[in-house]
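User: I would like to learn how to read a protein model that comes with a ligand, beginning with the ligand and moving outwards. Could you take me through it step by step?

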Amino acid sequence: MQAKSLYGMAVEQFNKAAELMDLEPDLAEVLRRPKRALIVEFPVMMDDGHIEVFTGYRVQHNVARGPAKGGIRYHPDTNLDEVKALAFWMTWKTAVMNLPYGGGKGGIRVDPKKLSKRELERLSRRYFSEIQIIIGPHNDIPAPDVNTNPDVMAWFMDTYSMNVGHTALGIVTGKPVDLGGSKGREEATGRGVKVCAGLAMEALGIDSKKATVAVQGFGNVGRFGALLIAQELGSKVVAVSDSKGGIYNPEGFDVEDLIKHKKEAGTVVTYPKGERIANEELLELDVDVLVPSALENAIHEGNADKIRAKAIVEGANGPTTPEADELLFKKGVLVVPDILANAGGVTVSYFEWVQDLQAFFWKLEQIRSALEEMMTDAFNDVMKTKEKYGVDMRTAAYVLAIDRVAYATRKRGIYP
Ligand code: NAD
């Protein structure tokens, strides 16, 4: 099944904002195209001695404001169109957050669950060597994404370091904390989601201590998002879900206990202190805030009308389709877009890179407060743009980001 072009959809979002802000057509053409797209085909010796050839990608969409930044995913469906779209979104995410970065993304077309640990290590090291001709601590700094983790980042860092002849901690982020990683990285995206949920409630005049919240997806983003919303905003997390289904408790869950249960049982649905609900039902609950933190396209034309939440904070990338976006805007639902709401992760990745380059590491409290301040500034910048143009928050976030990248491009000029 061939899905609709993700890059095409991403460009549609860009075009809407570019038209609204009257961006010069020539400049729009420069900004919507990727700067570089590298395809690598490389052999890996499997454990039984036979050789397999894999396909990998690294795309640098834009580097006008600084080095490219973005994760590397391992997935059987990974393709150039998807990686181009993800790199494109990273350009706008780093610009919304005002980070001195551009956007990039990479991936290998592989099902990592079918590889042994040794095969995974050889695959990772060879791929990283292949893309080394375009990456570097001042050129392009990869990070984890779907199916890659701190262990893979340690192999990447070691491979690059062996090739250049010295340890280069700043070549990737998301490394183990005791090997040039940053404290606070694991919770960072969830913490950013919490900040956005709190500010969205404030904007709507909702008292967070009396608010109810539903969280779709209970992985890295959903788990930490739910925990911090309950602990630090005092809201009731009344529903959560994972790929096996959802659970509901109008009194609110003890999220810490629920995390423990998920770790032991592998799912939230068997948690005894809640009633089972279907994934679709969770999205349509009468709650103040909905946090989709699972997959793309969760909120679409078919269910947008049934959404009763007053605000949606997009923990996931691309959980709302453009058709649903319009319906929600008409209904007056405040949608905090992914390029802002889930930018906590890339922001702490930026802190990790800064710490690596300085070889000086920060305390957890310092990281948390710097992240919260930057998330708050970005949220307020997007709100100001939203009011100025009378548009939804997603379009406003794009306008703000495009304006920043366009400024850098005009100031730098077109080389030569
Ligand atoms: P993850 O794999 O840790 O968690 C995903 C969760 O979603 C799992 O609990 C899974 O069971 C659940 N899920 C899958 N299908 C579902 C369904 N149909 N209904 C309900 N739940 C379902 O992944 P993650 O790192 O938490 O990422 C989630 C999303 O957030 C992705 O879109 C990712 O690109 C985005 N994101 C993640 C980060 C990060 O730092 N981890 C940063 C920015 C954006």
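Analyst: Let us begin with the elements that surround the ligand. In this predicted model, helix H6 (185–204), helix H7 (220–233) and strand S7 (236–242) each supply at least two residues of the shell around the ligand.

User: Which residues of that shell come nearest to the ligand?

Analyst: The shell holds 20 residues, and those that come nearest are Thr189, Asn220, Val221, Ser243 and Asn317. Sorted by class, the shell around the ligand has twelve polar, five nonpolar and three charged residues.

User: Which atoms of threonine 189, valine 221 and asparagine 317 lie by the ligand's oxygen atoms?

Analyst: It helps to keep side chain and backbone apart when reading such pairs. For threonine 189 it is an N or O atom of the side chain, 2.7 Å from an oxygen atom of the ligand, and for asparagine 317 a polar side-chain atom, 3.0 Å from a ligand oxygen. For valine 221, by contrast, it is a backbone N or O atom that lies 2.9 Å from an oxygen atom of the ligand. As for the ligand's surface, it has 830 Å² of accessible area on its own, and the protein covers 71% of that.

User: How should I read the overall form of the protein?

Analyst: One can set the radius of gyration beside the value expected for a globule. A compact globule of 416 residues would have a radius of gyration near 22 Å, and the protein's 21 Å agrees with this. The C-alpha trace spans about 55 × 55 × 50 Å along its principal axes, and the secondary structure comes to 14 helices and twelve strands.

User: What share of the residues counts as buried, and what share of the contacts links residues 24 or more positions apart?

Analyst: Of the 416 residues, 58% count as buried. Among contacts with a separation of 6 or more, 69% are between residues 24 or more positions apart. The accessible surface of the protein comes to about 18,100 Å², with 51% of it belonging to carbon and sulfur atoms.

User: Is aspartate 145 buried or exposed?

Analyst: The cut-off for buried is under 20% relative accessible area. Aspartate 145 counts as buried because its relative accessibility is 18%. This residue lies in the loop between strand S5 (140–144) and helix H5 (150–164), and its side chain makes a polar contact of 3.2 Å with the side chain of lysine 105. Beyond its neighbours within four places in sequence, aspartate 145 is in contact with Gly71, Ile72, Arg73 and Lys105.

User: What does lysine 175 pair with through its side chain?

Analyst: The side chain of lysine 175 is joined to that of aspartate 356 by a polar contact of 2.7 Å. Lysine 175 lies in the loop between H5 and H6, and at 4% relative accessibility it counts as buried. Outside its neighbours within four places in sequence, its contacts include Pro150, Met153, Met157 and Glu352.

User: Where does methionine 201 lie, and how far in space is it from lysine 310?

Analyst: Methionine 201 lies in helix H6, one of the elements that supply residues to the shell around the ligand, and is buried, with a relative accessible area of 1%. Methionine 201 and lysine 310 are 109 residues apart in sequence, yet their C-alpha atoms are 8.7 Å apart in space. Leaving aside neighbours within four places in sequence, methionine 201 is in contact with residues including Ile206, Leu233 and Val289.

Note on methods
Residues numbered from 1 in each chain as written. Predicted model: local features only at pLDDT ≥ 70, side-chain atom pairs only at ≥ 80, totals over all residues. Heavy atoms only, no water. Near = heavy atom within 4 Å. Polar contact = N/O pair within 3.5 Å; in protein donor to acceptor, adjacent residues only side chain to side chain. Areas by Shrake-Rupley, 256 points an atom, 1.4 Å probe, with all protein chains shown as cover. Helix = DSSP H or I, 4+ residues; strand = E, 2+ residues; numbered from the N terminus. Nonpolar A, V, L, I, M, F, W, Y, C, P; charged D, E, K, R; others polar. Rg over C-alpha atoms; globule rule 2.2 N^0.38 Å. Buried < 20%, exposed > 50% of the residue type's maximum accessible area, 1.4 Å probe, protein only. Contact = heavy atoms within 4.5 Å.
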